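Please find below a short note on the geometry of this model, set out as numbered points. The order is cavities, then a helix pair, then the sheets.

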Amino acid sequence: MGGVNAAGRTSGHQAYRRTVLDALHKDDQTRTLIGLAAMMRLVIHHDDGQWRDANGEVLDAAELATRYRQQVLDHSLIRRIEDPRFNADGIPANRQALLSFDSPHTFQVRRRQLPDDLPETWQVRELDRHTLEVTVPAGPFEVMLPERRPALVRAAGQLPSGFEPSRFYRSVHHPRGLSMAIFGASDCLGQSGLEWETLRDRLDPDAIAVYAGNSIGQLDDEGWGGLLKSFVSGQRATSKQMPLGYSQMPADFLNAYVLGSVGATGAIQGACATFLYNLRLGIEDIASGRRRVVMVGTSDAPITPEIIEGFRAMGALADDESLKALDALALLTDADYQRACRPFARNCGFTIAEASQFLLLMDDALALETGAQILGAVPGVFTNADGWKRSISAPGIGNYITLGKAAALAREMLGAEALRKRTFLHAHGTSTPKNRVTESHVFDLIARAHGIESWPVVAVKAFVGHSQGSAAGDQLASALGSFAHGLLPGIPTLDAVAEDVYAERLRFSRTPMAFDADAAFINAKGFGGNNATGLVLSPDVTERLLVKRHGQAAIDAWKGRREAILDAAGAYERRADEGHFQALYRFGEGVLEGPELEVSAERIQIPGYAQPVSLSVDNPFGSVKE
């Protein structure tokens, strides 16, 4: 696994550890704080093994953690938006206006700023090579007047302050979401401890797939956002904005610049359930035998004025006025913004966020052969629509089916007792009044059906906000952290469970809770009726299943091979904790266009790839050949 969100880096469970910080052993707290301080460029780890602050002062680990603790806490997770466009000066905008002149009006303008097509009534006189004098007649005159609009929403789940993923490779006008995708995939490969080229050389290139995207494309200025407003803003469209705006572009970037993959690729969109939709493609490919390795992920960077305004206009976001009304406040402080997201409590809307999350999936035989470290297993992801709807954004019935199927699979694999006592729910938990009622009702009915009396509920959006298509990736990464550390994150903004929540069979906690889990349910409820639930098994359960399938001798051999992989992964995580990141970005390397291939009826040999692509295909349809 790899990626980044408002809590930090995914690898090494850093982001997860940020959400359970106070419950960790002191050494783990120190490691987490130091890693985040380095990520935020507050301190630098030098080659001599010493930490130094920006002034060059040498610090030991304990002193570093103490000095920067509050700064790290205040500038990670949900907080006041740090983009200067959202500050007191307001967001740059224009307002249409109709001026009326009682007499002709004259002004001077630079030649290149004058429109190409002028009204017939305008009179233009050249003053010099660069300047023109324009006279417009009396009467109405349409203009756009520049203004600054106050930000109506000022809270978001932003990447830790000072961390900029585009710094780690030669990013040339890449949208933020794609820079985050490069970092997330690189972090995933680094954390795996595997050499990608060595792994790729073992396989038919077509046995590898990449399914990655996001829910709404790249809508910042470097992508479709800048393209769509180029005419009205007076800016020129660039050659990069159109192609880099597509929502499948994270997969395209991984194939072209990180993995060099020629296997299956694509992205499936499902609003807030997008990560799980792509995860389903990956596990079904592996279960069918079509692929042996799949990288799955999403990368969303929606913290822009326009996207925020769109969600605010539909009443989905927790805007400043609603937060004030919720707590009867005249002004909002930084602490109030940090409490903006309140799943299953009295709340007023979700808090938008950015995140990039990637998983590396393998079939079990290949994982054992390579000695891969196994963080868990995903036996199934279920997706269902809502059927007939009145409002396209309103919740419906599909989520009852997805969680019901996932719970039934868990019962079949783990037994009824384990389902009741050793599973937990990673709720979508958006912090909207509608979600707290509808999602808790889904949980309640499924709990009743299986005799579950106290089902633990985790809602990590309270920490990292709602990263749109990457939301379930945030949840799954957190679940893997819970398997590793035995702690479920609490919901710190849950002062009291709202009265309309179906809480009788659910277990909520404000603080981290020790829990020995066999499995987690990753739940998502997306706009438009995009529902998904994934079942994730713990490493311990996964190993027991592998013993049943492959035998103890095979597992013992795998553990022996795993030692070197764990060493490599540990070395990567130590470097990352020191703030030394190296994004994998191979622009222009090994480019092939077709004439270099060796093609026969049975296979295609690609230069630079150890194994050929087999052209053998299954035919389940029969034949009419003689």
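1. Helix 1 is the biggest contributor to the lining of the largest cavity, giving four residues. The model is a predicted one, and the points below should be read with that in mind. At least two lining residues each come from helix 1 (14-19), helix 18 (461-464) and helix 19 (471-485).

2. The largest cavity holds about 130 Å³ of space. Its lining has 17 residues, and those closest to the centre are Asn5, Ala15, Tyr16, Asp474 and Ser478. Sorted by class, the lining of the largest cavity comprises eight nonpolar, seven polar and two charged residues. Over the whole structure, the search returns six cavities of 30 Å³ or more.

3. How do helix 4 and helix 21 lie relative to each other? The axes of helix 4 (residues 176-192) and helix 21 (residues 552-577) come within 6 Å, with a crossing angle of roughly 135°. Angles over 145 degrees would count as roughly antiparallel, and 65 to 115 as roughly perpendicular; helix 4 and helix 21 are therefore oblique to each other.

4. On the helix 4 side, this contact uses Ser186, Asp187, Gly190, Gln191 and Ser192. Helix 21 contributes Ile565, Ala569, Tyr572 and Glu573. By class, the residues of the contact between helix 4 and helix 21 are three nonpolar, four polar and two charged.

5. One open sheet has six strands in the order 2-1-16-15-13-14, with mixed pairing. Its edges are strand 2 (8-9) and strand 14 (264-266), each of which pairs on one side only. Within this order, strand 13 (residues 208-213) and strand 15 (residues 293-300) are paired in the parallel sense, over six bridges. Ala212 has Gly297 of strand 15 as its bridge partner.

6. Another open sheet of six strands follows the order 17-24-23-18-19-21, and its pairing is mixed. Strand 17 (377-384) and strand 21 (506-507) are the edge strands, each pairing on one side only. Strand 17 and strand 24 (residues 530-537) run antiparallel and are joined by six bridges. Which residue of strand 24 is the bridge partner of Phe382? The partner is Thr533.

7. Helix 17 (residues 433-450) packs on the sheet that contains these strands. Helix 17 touches strand 18 (423-426), strand 19 (455-458), strand 21 and strand 23 (519-526). The direction of helix 17 makes about 140° with that of strand 23.

Technical notes
Residues numbered from 1 in each chain as written. Predicted model: local features only at pLDDT ≥ 70, side-chain atom pairs only at ≥ 80, totals over all residues. Heavy atoms only, no water. 1 Å grid on protein atoms, 1.4 Å probe; cavity = no way out; pocket = protein on both sides within 12 Å on 5 of 7 lines; lining within 4 Å. Points joined across faces, edges and corners; volume = space filled by probe spheres on them. Nonpolar A, V, L, I, M, F, W, Y, C, P; charged D, E, K, R; others polar. Axes fitted to C-alpha atoms, helices over the stretch in contact; angles between N-to-C directions. Parallel < 35°, antiparallel > 145°, perpendicular 65-115°, else oblique. Contact = heavy atoms within 4.5 Å. Pairing = 2+ DSSP bridges.
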